Amino acid sequence: MPAAEPQAAAPLTWQPPAGALWSGRWVDGASSMPVHDPEDGSLLGRVTDASPAEVDEAVTGVAAAVASGENWPAWRRREVLDAAAQLVLKRRELLTQVISREGCKTVQEAGGEVARAAETLRLSAQQAGCLTGETLPFSDTPRGHDRLGWYTREPVGVVAAITPFNDPLNLVAHKMGPALAGGNGIVLKPAEATPLTALAFARILLDAGVPADRFAIVPGTGSGAGRALVGHHLVDLVSFTGGYRTGNEVARTAGAKKTLMELGGNNAVLVLADADRELAAQAVVDGAFGVAGQNCLSVQRVFVDARIAARFTQDVVKATEALTVGGKADPRTDIGPLINEREARRVEEWVREALDHGAELLAGGRREGAFHWPTVLTGVPADARVMTDEVFGPVLTIEPFDTVDEAVARANDTHYGLQAGVFTTGLDTALTVAERLRVGAVMVNDSSDFRIDAMPFGGPRRSGVGREGVRYAVEAMTEPKVIAVRRGA
Ligand code: NAD
């Protein structure tokens, strides 16, 4: 498997005006923290490490703007979100560079994320214009016959948003866009590793005309800024994207607040005997190893009909071995680093555990610094962590099955339930399998790794609470308010 040489690190050409943004202005908090390129450890800049007191200042400022009742009409929200979508596209090159340098995406992957973020904002703008209620049937009961009434959708108030490192722009857009479209204020804490992208995005919102006091960005740690934000008494809704364990902690800190949680996945793909084998193999490899597997939709477990298992596995191994691991800036690179060496070592350890318990290594299994080579395993015991937990790294398991019932049962044998894929040319089988998989979405003839930003996104059990996807997030971030008029008063 080829390995491209990481290129010599050039300084980041963009720096934020300050390390954070709150109370309507760019500010530097009392403490700062470094941002590094995970590929070579070079220092890219410093941002604020917000203290609980600074988070309080940020939340209080946004809450005051929301409470002022100042009219920020839907048409204006639509206009500024549309303008922000345009600006994201205009600054594509800069955003691509920032995402790729501080995160783990190759330049190709980062460019794709920029386009997605513009789409998320465009959808948010659209939703700002669709916040409608309906009239209510008061005359259906004798107690209501002299009333006329309806409900509208009102903003919840102040949204606290916490985001992970792996999609540092689009997941920030999935919080900011719907919250602002719904007329809320929002305070966002980006992941420790990727705060510069969030600050570049904040610059775009300001330039697009979003009122500066309606939102704040408070970079910092999870246990410091994150916990202070989630627990703040002026926060009305917590929107969290991250791992299941952190989600549990966030839920405890949030208490009885409304919460939206987008958590992890341990996604399965079923390849049936009548599948287009080559299509399935390529889709599985793309879905397993994009962003070095650091994707909540990554393919982790493949169950393939025993009759085609040998040829399918061969195809997967061949496509995996053709991937180029290397520097993020090199356009020939397919697989960049993990977000840090600690994570790469964790993945290595999970692979080692599977091998120690009898798994067979078919490809990869190598680590250097933060890089972990795309790895294919088979014969993995059902209780190994690469089967039971979310790997969030470039590891794929392939296991044969004898009956479709067995494949569905094994795919469902997990605490998670984000997405799944099924490859078959039989329409009836596809629909039956799709109905029986306990997940938020099933992709037929594609891997689990596909979504559009307009679909309801999330899953049952440990994959989350509620749904994102712009329209569904706007719905969650607004609440119905009834107005009833008594006639003849
Ligand atoms: P993480 O859970 O380690 O961190 C996520 C965020 O939570 C970070 O900003 C972190 O600082 C913050 N945080 C940590 N402790 C906190 C606390 N006590 N209170 C408040 N905030 C706290 O996740 P990560 O490693 O950044 O991202 C990977 C995880 O995110 C994976 O599990 C992945 O599946 C999940 N993810 C889910 C989706 C989705 O939409 N379902 C999308 C992307 C990533």
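Colleague: How many residues of E10 are buried?

Modeller: Five of its five, so to speak of E10 as mostly covered is fair. Buried means under 20% relative accessible area, exposed over 50%, and partly exposed in between, with a 1.4 Å probe and protein chains only. Strands (E, at least two residues) and helices (H or I, at least four) are DSSP runs, numbered from the N terminus. This is a predicted model: local features need pLDDT of at least 70, side-chain atom pairs need 80 or more, and totals for chains, interfaces and linings use all residues. Residues are numbered from 1 along each chain as its sequence is written, and side-chain values use heavy atoms, without hydrogens or water.

Colleague: Which residues of E10 point which way?

Modeller: Leu 237, Ser 239 and Thr 241 point one way. Val 238 and Phe 240 point the other way. In a regular strand, side chains alternate between the two faces of the sheet.

Colleague: What does E10 pair with?

Modeller: Strand E7 (residues 158-162) joins E10 through four bridges. Strand E11 (residues 258-262) joins E10 through five. Both pairings run parallel. Pairing here takes at least two DSSP bridges between the strands. Val 159 stands opposite Leu 237, and Val 238 stands opposite Thr 259 in E11.

Colleague: Switching to the ligand. How many residues surround the ligand, and which are the closest?

Modeller: There are 27 around the ligand, and the closest are Thr 163, Glu 192, Thr 246, Leu 263 and Glu 390. A residue counts if one of its heavy atoms lies within 4 Å. E10 (237-241), helix H7 (222-231) and helix H8 (244-254) each supply at least two of the shell residues.

Colleague: Why does the ligand lie between domain 1 and domain 2?

Modeller: Because domain 1 (20-263 + 463-482) and domain 2 (267-451) both give residues to its shell. The bounds come from an automatic or database domain assignment.

Colleague: Which side chains have an N or O atom or a polar atom by a ligand oxygen?

Modeller: Glu 192 has a polar side-chain atom 2.7 Å from a ligand oxygen. For Lys 189, a side-chain N or O atom is 2.9 Å from one. A polar contact with the ligand is a pair of N or O atoms within 3.5 Å.

Colleague: New topic. What is the phi of Phe 392?

Modeller: Positive, about 50°, although Phe 392 is not a glycine. Phe 392 sits in the loop between helix H12 (385-388) and strand E18 (395-401). At 18% relative accessible area, Phe 392 is buried.

How values were computed:
A polar contact is a pair of N or O atoms within 3.5 Å; within protein, one must be able to donate a hydrogen and the other to accept it, and residues adjacent in sequence count only if both atoms are side-chain atoms.
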